Amino acid sequence: MGDKRWRRVGSAVLRSIAVWAVSTVTMLVLAGILPDFRIQSADGESATRITVAAAVGAGGFGLLSALVWPLLVRALLLVPALVLGLLVFFLNGSLLLVVLRFNPSGRGEVAPETAVVVAAVMSAVASATGAALAVRDDDAYRRRLYRLADRRRTEELGEGGPSTPGTVFLQLDGVGHDVLLDAVGRGLMPTVAAWLDTTHRLTLWRTDWSSQTGASQLGILHGSNHDIPAFRWYEKESGEVMVCNRPTSAAELQRRAIERTGDGGLLTLDGASRGNLFSGGADQLALVLSVAARRGKENRSRAGYFAYFSDPANAVRTAMSFVADVGREIGESTRARLRRQRPRVKRGGLYPLIRAFATVVERDVVVAAVIGDMLAGRAAVYADLVAYDEVAHHSGPYSRDAEKVLGRLDRSLALIAKVAEHAPRAYRIVVLSDHGQSPGETFRARYGLALGELVRAGCGLPVPRKAQRTHSGAEARAAVRAALHRPVEEGGEQHRPSGRRSEPIVLASGNLGLVSFPDVPHRMSREEIDERHPALLSTLANHPGVGFVLVRSERHGGLVLGAHGAEIPVDELAENPGPLTDFGPAAATAVRRTHSFPHAADIMVNSAYEPQDGEVLAFEEQIGSHGGLGGAQGEAFLMSPVELSPPVEEGAELVGAEQVHRVLRSWLREAAGPQIPLPARRDQRAA
């Protein structure tokens, strides 16, 4: 035992010396290349002394990075996380300036802007060297990753770790069943392909009508997505617009789900929630939107950024990747414009930064958090990787851009699987998605007007010459605003819509539109709408860009309206789907369920769907959309180890996020008895 310990110590010392030597050589090379960077010994002549000065400088920089950097990050807890990422280079450069200023073996001169470059290169080289030397040393590899874990937690588990397996749920946001199969078939995701060939099974699951992360993830993590009619909707009793990716709305939706189910969520027992809209009842949180509205120490979610950026090598690597992805997006969008690619949406302004945040920063932080959770031996981890969804919205779900993102996500899965080999307990990795995406040009691009303008025209109201753009529902935008400490409302969406209360409020969620009349306290009936605006419903139902309309009828209950005067009560859709025919056999059940929601809008509008090419018409500025019915957006996937029980019986379908929750819950129980608290029996509640 003692010999093994001394071998580990000796190996660590040798690696540290090697990294120090490489850093010294790097500093000397940079001093020879860069005109504004010079190292000089005290006597100004001796090459040996110059080398010693460089060695002392490299060692001092490494020591300061190891000791001072975490303290700097901790001191900057109130700085927005995204800003901290951009400060990485400048903080590193400042450390280098301090080292050169107080180097006792000589003196160095460097311009401040050059110090940033030198510090970045040295951090990257040191990180790469340390990782390369540790590749063949499993203990070293584990210790390097161990820094991301909760040390006290790992010590509590002991050497052996738990005997029961843990489960990691990895959500690939927006990756549909069809996209995954296509990527596997074309060799874009070799890790996923290998798992499907050997250890995993693939199951398609159908989403609810509201095919978007808010509804799906609330159902998956908390067991109920009741009364989530869309990504955004208007609530008449409060006069507020609920938006799934707004922190205050997410917190309220989570509270309602817990109140309805009487259970804290999927992750209540030793769980961790990473990068999600909701907590799932987990105690360990990072980048969870439902707690992002909290201020001060109560907001543990943002701590995920600082745990990651406390390692200067992580910070430099992610910052460099961030810059590279911004350049990649600018290049791809320019290429699309020059080729006059259609369909196409605007990708300028802040979008390259938002995309890079989703594809680089959030991915790196979430993956690092999952690694830390596994090395800490947590029983259940649920993490959302939003990169593909963000890119597919603006580049298209089958674009070259989106394919590249899939490849990088596959590498993240491979890394997590590799780390699982070094965890203190065995792990079962489940990969799933929350929805797919359907391609197609926007409603505005095809018809020259937005849904809101069409509604105003049907109401006989003046139509603005320059209509307002709809807001993208991409999760990354809310995550960026939370990281910047900016209220989501500043991004353009308001809690309380302005304008006359007699005018309709029109909201878009992908290819699903919601129309509400705020001056009427209840859900208006078809008869009331016809009396107030006789041409509105026929204008919507007969428009070629509209697939069907759902309203409440005093005579029939729920009523689906379509072109050419089609009117089908929702209770008769199973026998006569009418306008829902092209949307598939599950559409009738989904529409009927949404009609029962207390906050279903006065008018629910689903865009047209073209089955031959799978295209829909988004009411938002997206060429890959989800949120309504039609095409691949409603077909998500669930990929599970074959050692787990099948999610459904042979020949049966997995339908709805709530059913997915029940499947995941059963898998957690399979490890060794109940893994999450069971609902109390009636006699227990009575007691």
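These legends accompany close-up views of a predicted model.

**View 1. An open sheet of eight strands.** Let's begin with the sheet itself, whose strands follow the order β8-β7-β9-β3-β10-β21-β4-β22 with mixed pairing. Strands β8 (284–286) and β22 (654–655) stand at the edges, and each has a single partner strand, so one side of each is left without a neighbour in the sheet. As a reminder, strands of a sheet pair through backbone hydrogen bonds, and the pairing can be parallel or antiparallel. Try tracing one pair by eye: β7 (residues 271–274) runs parallel to β9 (residues 380–385), and four bridges link the two strands. Within this pair, you can find Ala272 standing opposite Val381 of β9.

**View 2. Strand β3 and its two parallel partners.** How many residues of β3 are buried? Seven of the seven are, so the strand is largely enclosed by the rest of the structure. Follow the side chains along β3 and you will see two sets: Gly166, Val168, Leu170 and Leu172 point one way, while Thr167, Phe169 and Gln171 point the other way. Both sets are buried. Strand β3 pairs with β9 in the parallel sense over six bridges, and here Thr167 faces Ala380 of β9. Strand β3 also pairs with β10, again in the parallel sense and over six bridges. In that pairing, look for Gln171 opposite Leu432 of β10.

**View 3. Two rings linking β3 and β9.** Here we meet Phe169 and Tyr382, an aromatic pair whose ring centres are 6.0 Å apart. Is this pair stacked, tilted or edge-to-face? The ring planes stand at 35 degrees, so the pair is tilted. Phe169 belongs to strand β3 (residues 166–172) and Tyr382 to strand β9, so the two rings tie together parts that are 213 residues apart in sequence. Are these rings buried or exposed? Phe169 is buried, with a relative accessible area of 0%, and Tyr382 is buried too, at 0% relative accessibility.

**View 4. A tilted pair within helix α16.** The rings of Phe443 and Tyr447 have centres 5.2 Å apart and planes at 55 degrees, so this pair is tilted. Both residues sit in helix α16 (residues 443–447), and because they are four residues apart there, about one helical turn separates them. Their surroundings are worth a look as well: Phe443 is buried at 1% relative accessibility, whereas Tyr447 is partly exposed, with a relative accessible area of 27%.

**View 5. An aromatic cluster.** Four residues come together here, with Trp209, Phe548, Phe583 and Tyr609 forming one aromatic cluster. The count for the model comes to six aromatic pairs.

**View 6. A helix lying across three strands.** Helix α8 (residues 190–198) lies across β4 (200–206), β10 (427–432) and β21 (635–641). Compare the directions of α8 and β4, and you will find the helix running at about 105 degrees to that strand.

**View 7. Thr207 and its contacts.** Where does Thr207 sit? Its place is in the loop between β4 and α9 (213–222). Thr207 counts as buried because its relative accessibility is 10%, under the 20% cut-off. Which residues does Thr207 touch, leaving aside its neighbours within four places in sequence? Its contacts are Ser216, Asp434, His435, Gln633, Gly634 and Ala636.

How values were computed: Residues numbered from 1 in each chain as written. Predicted model: local features only at pLDDT ≥ 70, side-chain atom pairs only at ≥ 80, totals over all residues. Heavy atoms only, no water. Pairing = 2+ DSSP bridges. Contact = heavy atoms within 4.5 Å. Axes fitted to C-alpha atoms, helices over the stretch in contact; angles between N-to-C directions. Phe/Tyr/Trp six-rings, centres within 6.5 Å; stacked < 30°, edge-to-face > 60°. Buried < 20%, exposed > 50% of the residue type's maximum accessible area, 1.4 Å probe, protein only.
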